[in-house]
Amino acid sequence: MNRPVGTATRGTTNPNRLRRMDRWIAATHGPAMRRSETPVAVDLGYGAAPWTAVELLQRLRTADPRCEVVGIEIDPARVAAAKPYEREGLSFRHGGFEVPLPARPTLIRAANVLRQYDEGEVAAVWARLCARLAPGGLLVEGTCDEIGRRHAWVALGPQGPRTVTFATRLGSLERPSDLAERLPKALIHRNVPGEPVHAFLRDFDRAWAAAAPYASLGARQRWIKAAGDLAGDWPLADDRRRWRQGEVTVNWAALAPNSV
């Protein structure tokens, strides 16, 4: 057996940590999964406990009851620990960025994996994972905090990155730029003046401040108002239906680092 590609991560995990990412995937990628003859999703680098893979199966099956999930871990001890949780539609196997499956998956989710790599390694990993996707497949790569209050992720297809999504529990948010600490590895070191992601978060903070009168109606209404104003200057890829969930998605081209 060939050695898996990649290195073991810290493996930190908690139940419901990835619920916001799961919810977005089911809503936006559900139609593509339903069109697939064999909808298979990969939870890549699920960590020391299998909770995220178990939950991904539950949530994706709301979009397509045929969906199967394979948890892939580079640490064989973690795979052995997850085996008792296998059931119909859910399995675990040893592997890494090579994604050792006989067929190409419809979805690969890599959450809190590349954060522990160097920025210079990201593009090659993205390319490798995207090359494993089925036609119409999706790679979701990003980061969240330990209890799933704040997320940011990049969605990629076989041709490369498409969008960046910011998602949060609105009651815990002081300002949108608080999400900067959870930017994916490709962007987290680019949150400096002169870079597009810095300008985006600056403008989001300004729109949030201008929407302060809406706070009396609740944080959700304030977020929706701020996102609507932001859409006048930035190419947002979603609308009020997703903003209500505490999300904002922007086209990747608008936030791509200057050197890319």
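In this predicted model, the buried residues of helix α7 pack against β7 (160-168), α6 (196-210), α8 (240-243) and β8 (247-251). Those buried residues of α7 are R222, W223, I224, A226, A227 and L230. An α-helix has 3.6 residues a turn, so residues three or four places apart point the same way. The length of α7 can be checked as well: helix α7 covers residues 219-230, and because its 12 residues, at 1.5 Å a residue, should span 16 Å, the distance of 16 Å between its end C-alpha atoms agrees with the expectation.

The open and enclosed spaces of the model can be set side by side, each with its volume and the residues that lie nearest its centre.

| Space | Volume | Lining residues | Nearest the centre |
|---|---|---|---|
| Largest pocket | about 300 Å³ | 15 residues | W24, T28, H29, T163 and A237 |
| Second largest pocket | about 260 Å³ | 19 residues | T12, R17, A111, N112 and Q116 |
| Largest cavity | about 110 Å³ | 16 residues | T7, T9, G45, I74 and V113 |

The largest pocket, with about 300 Å³ of space, has a lining to which α1 (19-35), β7 and α8 each give two or more residues. Of these elements, α1 provides the largest share of that lining, namely four residues. Strand β7 and helix α8 therefore appear twice in this account, since they line the largest pocket and also pack against the buried residues of α7. By residue type, the lining of the largest pocket is made up of five nonpolar, five polar and five charged residues.

The lining of the second largest pocket divides in another way, into five nonpolar, eight polar and six charged residues.

Turning from pockets to enclosed space, the count of cavities of 30 Å³ or more comes to one. The lining of the largest cavity holds eight nonpolar, six polar and two charged residues, and T9 is one of the residues that lie nearest the centre of that cavity.

T9 also appears among the contacts of R78, a residue of helix α3 (residues 76-82). Is R78 buried or exposed? R78 counts as buried because its relative accessible area is 12%, which is under the cut-off of 20%. When neighbours within four places in sequence are left aside, R78 is in contact with T9, R10, G11, Y46, G47, A48 and E73.

Methods: Residues numbered from 1 in each chain as written. Predicted model: local features only at pLDDT ≥ 70, side-chain atom pairs only at ≥ 80, totals over all residues. Heavy atoms only, no water. 1 Å grid on protein atoms, 1.4 Å probe; cavity = no way out; pocket = protein on both sides within 12 Å on 5 of 7 lines; lining within 4 Å. Points joined across faces, edges and corners; volume = space filled by probe spheres on them. Nonpolar A, V, L, I, M, F, W, Y, C, P; charged D, E, K, R; others polar. Expected span 1.5 Å × (residues − 1). Buried < 20%, exposed > 50% of the residue type's maximum accessible area, 1.4 Å probe, protein only. Contact = heavy atoms within 4.5 Å.
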